[in-house]
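Trainee: I'm new to this structure and would like a close look at one part of it. Could you walk me through the aromatic rings and what surrounds them?

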Amino acid sequence: MIQNIEVLSTARTYTTGGRKSGIARSSDGVLDIRLAMPGSATIGANPEHLLAAGWSASLLRCVTLEACKNDIALPTGVGIDTEIDLCLVDGTRFLQARFNIGLPSVERGIARALVTKAFESCPYTRATRGNMDMVIKLTQEV
């Protein structure tokens, strides 16, 4: 663990049953979700759903912060469509990600600069950098 850091937030969860038919609950009661295998008839999210949601929320916050730092007003309709794939090659499972980032009416060069800076500062991106393939597509729509 890193010394002399300020912990801004701690998420605590307890999970039983795993991805096949599990339940994940947060210690504060905010999260209470059923887990299920992708493509199964069981209703529930899978870990890839949760990673996509958390990562896109964090990344969108970083885009917003970068825009504020540079006095750039973001229009309504800014959003990120995130896809996380669970893959299998030669018996090894791994993840890959795709991000379609919609910054409508933001000049393309400015939008690209915002997204680049956001990816540099996003804790999820920093944690996965070099560990998984990522494709980033900047769109003018959401």
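Mentor: Here is a walk through the aromatic rings, then the sheet that one of them belongs to, and last a pocket. Keep in mind that this is a predicted model.

Let's start with the count: the structure holds two aromatic pairs. Take Trp 55 and Phe 99 to begin with. Their ring centres are 4.9 Å apart and the ring planes meet at 70°; an angle over 60 degrees counts as edge-to-face, so that's what this pair is. Now look at where the two partners sit. Trp 55 belongs to helix α2, which covers residues 47-69, while Phe 99 belongs to strand β5, residues 92-102, so the contact ties together parts that lie 44 residues apart in sequence. Are these two buried or exposed? Both Trp 55 and Phe 99 are buried.

Now stay on Phe 99 and turn to Phe 119. Here the ring centres lie 5.3 Å apart with the planes at 80°, so this pair is edge-to-face too. Phe 119 comes from helix α3 (residues 108-121) and Phe 99, once again, from strand β5, so this pair links parts 20 residues apart in sequence. Phe 119 is buried, just like Phe 99. Put the pieces together and you get one aromatic cluster made of Trp 55, Phe 99 and Phe 119.

Since Phe 99 sits in strand β5, let's follow that strand into its sheet. The sheet is an open one with three strands, ordered β4-β5-β6, and its pairing is mixed. At the edges you'll find β4 (79-89) and β6 (133-139); each has a single partner strand, so one side of each has no neighbour in the sheet. From one strand to the next, the twist averages 15°. Look at β5 and β6 in particular: they run parallel, and seven bridges join them. Phe 99 has a part in this as well, with Ile 136 as its bridge partner in β6. That gives you two ways to find Phe 99: by its ring, in the cluster with Trp 55 and Phe 119, and by its bridge partner, Ile 136.

One last stop, away from the rings. The largest pocket holds about 200 Å³ of space. Which residues line the largest pocket? They are Val 7, Leu 8, Ser 9, Thr 10, Ala 11 and Pro 123. Sorted by class, that lining has four nonpolar residues, two polar ones and no charged ones.

Methods:
Residues numbered from 1 in each chain as written. Predicted model: local features only at pLDDT ≥ 70, side-chain atom pairs only at ≥ 80, totals over all residues. Heavy atoms only, no water. 1 Å grid on protein atoms, 1.4 Å probe; cavity = no way out; pocket = protein on both sides within 12 Å on 5 of 7 lines; lining within 4 Å. Points joined across faces, edges and corners; volume = space filled by probe spheres on them. Nonpolar A, V, L, I, M, F, W, Y, C, P; charged D, E, K, R; others polar. Phe/Tyr/Trp six-rings, centres within 6.5 Å; stacked < 30°, edge-to-face > 60°. Helix = DSSP H or I, 4+ residues; strand = E, 2+ residues; numbered from the N terminus. Buried < 20%, exposed > 50% of the residue type's maximum accessible area, 1.4 Å probe, protein only. Pairing = 2+ DSSP bridges. Axes fitted to C-alpha atoms, helices over the stretch in contact; angles between N-to-C directions.
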